[in-house]
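Subject: Structure for your review

Dear colleague,

Please find the sequence and structure below. I should be grateful if you would look through them before reading the notes.

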Amino acid sequence: MSLKSERRGIHVDQSELLCKKGCGYYGNPAWQGFCSKCWREEYHKARQRQIQEDWELAERLQREEEEAFASSQSSQGAQSLTFSKFEEKKTNEKTRKVTTVKKFFSASSRAGSKKEIQEAKAPSPSINRQTSIETDRVTKEFIDFLKTFHKTGQEVYKQTKMFLEAMPYKRDLSIEEQSECTQDFYQNVAERMQTRGKVPPEKVEKIMDQIEKHIMTRLYKFVFCPETTDDEKKDLAIQKRIRALHWVTPQMLCVPVNEEIPEVSDMVVKAITDIIEMDSKRVPRDKLACITRCSKHIFNAIKITKNEPASADDFLPTLIYIVLKGNPPRLQSNIQYITRFCNPSRLMTGEDGYYFTNLCCAVAFIEKLDAQSLNLSQEDFDRYMSGQTSPRKQESESWPPEACLGVKQMYKNLDLLSQLNERQERIMNEAKKLEKDLIDWTDGIAKEVQDIVEKYPLEIKPPNQPLAAIDSENVENDKLPPPLQPQVYAG
Amino acid sequence: MAQAAGLPQASTASGQPYVSKLVLLGSSSVGKTSLALRYMKQDFSNVLPTVGCAFFTKVLDLGSSSLKLEIWDTAGQEKYQSVCHLYFRGANAALLVYDITRKDSFHKAQQWLEDLEKEFQPGEVVVMLVGNKTDLGEEREVTFQEGKEFAESKSLLFMETSAKLNYQVSEIFNTVAQELLQRAGDTGSSRPQEGEAVALNQEPPIRQRQCCAR
């Protein structure tokens, strides 16, 4: 990829997406950067602390109240001062949702109740406020929309309200069963409108979209990535998988997109932005809209590169590349959420359904991706996956003529360095091999010598007769002339 | 998206056309996209998609009733075949396209059929075998008879076409549409059923109902 498109790219640090506690799962701004599990633990601790403090406060308040009452009995003058002080304190405590001792004890006595546990799941008050504002806005829009349909609108609103009131009692059911309930509700409402209300099909579709928006905005926090499923685990698995495949190039996937072209690079960035943005939407239809927008940008990128409209043979590899490059957060959770709670007719038919199916194909392909899929040898694939090496940069010949000379030279140098590095590694390996061979050889020789010594031990036999002096038999030694004496000459 | 807006939208009794999903299956470069493009192009030059040629819709007027045909193009490369069963969900019809000048593409079409058979019960979808590129007759590797015999053995519809010469392109889509309407009529339903929600990234469930069974 060019330096330009590298600079244009979206830089979302993965650490920002993960849980603050470092457990490896995704964090969520709604849970102050924690994952659902850690948030529950943190919230539970905070709540226990709060309950403890509230107990102490309640006792203190009760003591003060008794003292105030006692002092009011003894002196009328002092009473007003003490009481005003008490009132002031009481007012201060009101801001912490503590009004009277009676209310306090009734609240704390339910500490372990089911309701308390459910509250612990909910986000902090500020987030709740934010959510309720959005929910209220959506509800208002929904009511305003239904007003235009008069009697049918009233009927739809009544059914929707009943459904939303019934759903909290179904939270103990599995997510698949909750999904089934929602799908049944969609189907029943649509059928009733068509048969009883005689509503035209195009209007039914519009109403169904609004119903989905209304109910899913309310149910989102309970049904998106629920704890009863392994969605979070799947998210982490696909995220790790995509990270491990960071080395995959467009050429390997046969992607017909040239990111050197600025317009194409822009389209790629927009496509990545859209697929990442999907996670921020609450309504399945809005998530689908993000996928569709992403797909349109991909088609544009291919069209600009090839100068002709793209086919499915071009589109799917490019979508896979975009997913690999973007590594969208909570990808599996989003796919599952759309599958479970989107209007079914949207998923299997229509443009949104087509692009969503392609995304599912892309994710399935990434999960199964192997050496053959990328036209690589198994050896190369394993090396790239383990991070030992990465595919060589493009040769300088493939650079467009208008590319900066400095950049060309830099990549050329980097290429040379990588080649030198490979050669050095090869030499080091050979040297180590030689050293090992030498050690093995010396060890081998020593072993052979040892074996021979053991096989043929050296025996030193004692002599049969004692050794005599060499000259013992020379009896005529004494007849020898005396040794010569040195002569000194004057001269 | 190509929307054939200019066509008269004859309605069914309920006042709306049947919606049918047709998937184009076959190896890379057999002419799947070309067939879809040619079909969309011949009546209206303005309905061609401005961006991509992968998803099209067209409303067909078939006398007493009308049918909205959604054409889903698929990636034909070998490496994507393992994930392409995801395209089949909720499909009412499939075109198995092969290139008459490439025997391997004919064998590949047979593999696609096997994948379809795993997903659907017999008669649940309308399947047509299409031999494309008849304009390259002198390079033919698959005879008309071979194609016809295979189609008959598997109870498939069969036709040979040329997207380049616009030979029998409309016919394949119209024949499939007629068959879909006929089957919908035979089942006695006023409209084809909406597909139930399915997990698109999981293994296919055992199908309980038959959308378009004879």
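The notes below cover the interface, one annotated residue and the cysteines.

This is a predicted model, in which local features need pLDDT of at least 70 and side-chain atom pairs count only at pLDDT 80 or more, while totals for chains, interfaces and linings use all residues. Residues are numbered from 1 along each chain as its sequence is written, chains are lettered from A in the order in which they are written, and side-chain values use heavy atoms, without hydrogens and water.

In the interface, 41 residues of chain A are in contact (heavy atoms within 4.5 Å) with 37 residues of chain B. The two chains bury about 3200 Å² between them, 63% of it on carbon and sulfur atoms; this is the accessible area (1.4 Å probe) lost on being put together, summed over both. A:D313, A:M348 and A:Y354 supply 23% of the area that chain A buries against chain B, more than any other three residues.

The UniProt record annotates B:S29 as a phosphoserine; such annotations may be inferred rather than shown by experiment. Leaving aside neighbours within four places in sequence, B:S29 contacts A:D313, B:D99, B:R102 and B:K133. A:D313 therefore appears both here and among the three residues named above.The structure holds zero disulfides over all chains, a disulfide being a pair of cysteine sulfur atoms within 2.5 Å. The sulfur of A:C290 lies 9.2 Å from the closest cysteine sulfur, in A:C294, which is too far for a bond. A:C290 is buried, with a relative accessible area of 0%, where buried means under 20% (1.4 Å probe, protein chains only).

Yours faithfully

Technical notes
Buried < 20%, exposed > 50% of the residue type's maximum accessible area, 1.4 Å probe, protein only.
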